[in-house]
Amino acid sequence: GYVDLLDAFSEEHTFNKLHTSSWDMLIEISTHFHLFKIQKTTQEYEFDTTFDLIFYDAFGFRAARIGQKDIFVKMVKILNRGGVLVTYCAKGEVKRILKSLGLQVESLAGPPGKREMIRAIRL
């Protein structure tokens, strides 16, 4: 219901394309945005490329089991310099881990229902 919630009916096609795109295929969402969805855990997948942006969808720290530093080490390795990692998880422990890995960490206002989220930039 995000299209309704955000009153973003003009973007409904783009929103639907994000969610209905095939796995393991590079999909052009728009001229400057391509999406490659991977249906594996971060621990399982062997990355052969680097990224400018990582959306890490971890709403709940315990539920997503992201307290392990190794998953963040792996993500930082594949994040380009100047690249951004964004997560809905705003737990202090996650912020400390990201800072310890050399990222510039800041808290942002969260989406509806979440007080804050994290944006971390690889310097």
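Reader: Let's dive in at Gly82: which strand is that residue's place in?
Author: Quick heads-up: this is a predicted model, where local features need pLDDT of at least 70, side-chain atom pairs count only at pLDDT 80 or more, and totals for chains, interfaces and linings use all residues. Residues are numbered from 1 along each chain as its sequence is written, while side-chain values use heavy atoms and leave out hydrogens and water. Helices (H or I, at least four residues) and strands (E, at least two) are DSSP runs, numbered from the N terminus. On that numbering, the place of Gly82 is in strand β4.

Reader: Okay, and does Gly82 count as buried or exposed?
Author: The words have cut-offs: buried is under 20% relative accessible area, exposed is over 50%, and partly exposed is in between (1.4 Å probe, protein chains only). Gly82 has 51% relative accessibility, so this glycine counts as exposed.

Reader: How far apart in space are Gly82 and Phe55?
Author: Along the sequence, 27 residues separate Gly82 and Phe55. In space, going from C-alpha to C-alpha, the two are apart by 15 Å.

Reader: What about Ile27, is that one buried or exposed?
Author: Ile27 lies in strand β1, which covers residues 26–30. The relative accessibility of Ile27 is 16%, so Ile27 counts as buried.

Reader: And how far in space is Ile27 from Thr87?
Author: In sequence, Ile27 and Thr87 are 60 residues apart. Jump from one C-alpha to the other and the distance is 22 Å.

Reader: How many salt bridges does the count come to?
Author: You need a rule before you can count: a salt bridge is a side-chain nitrogen of Lys or Arg within 4 Å of a carboxyl oxygen of Asp or Glu. By this rule, the number of salt bridges comes to three.

Reader: Which residue does Glu116 meet in a salt bridge at 2.8 Å?
Author: The N to O distance of 2.8 Å is between the side chains of Glu116 and Lys95. Glu116 is in strand β6 (residues 116–122) and its partner is in helix α5 (residues 92–100), so the pair ties together parts that are 21 residues apart in sequence. The partner has a relative accessible area of 17%, so it's buried. That partner is Lys95.

Reader: Which residue pairs up with Arg119?
Author: Arg119 has a salt bridge of 2.9 Å, N to O, with the side chain of Glu106. Since Arg119 lies in strand β6 and its partner in strand β5 (residues 103–109), the bridge ties together parts 13 residues apart in sequence. Arg119 is partly exposed at 30%, and at 27% relative accessibility the partner counts as partly exposed. The residue you're after is Glu106.

Reader: Which residues are joined into one network by salt bridges that share partners?
Author: Glu116 also forms a salt bridge with Arg115, with the closest N and O atoms 3.7 Å apart. Arg115 is exposed, because its relative accessible area is 72%. Salt bridges with shared partners make one network out of Lys95, Arg115 and Glu116.

Reader: Back to helix α5: how far apart are the C-alpha atoms of Leu98 and Arg122?
Author: The place of Leu98 is in helix α5, and at 0% relative accessibility Leu98 counts as buried. Arg122 is 24 residues away along the chain. The separation of their C-alpha atoms is 9.4 Å.

Reader: What's phi near in Asp7?
Author: Most residues other than glycine have a negative phi. Asp7 isn't a glycine, yet has a positive value. Asp7 is found in the loop between α1 and α2 and is exposed, with a relative accessible area of 59%. The phi of Asp7 is near 50°.

Reader: And about what phi does Asp24 have?
Author: Asp24 is in the loop between α2 and β1. With a relative accessible area of 48%, Asp24 is partly exposed. Asp24 isn't a glycine, but its phi is positive, at about 60°.

Reader: Last one: is Leu6 buried or exposed?
Author: You'll find Leu6 in the loop between α1 (2–5) and α2 (12–20). The relative accessibility of Leu6 is 54%, so Leu6 counts as exposed.
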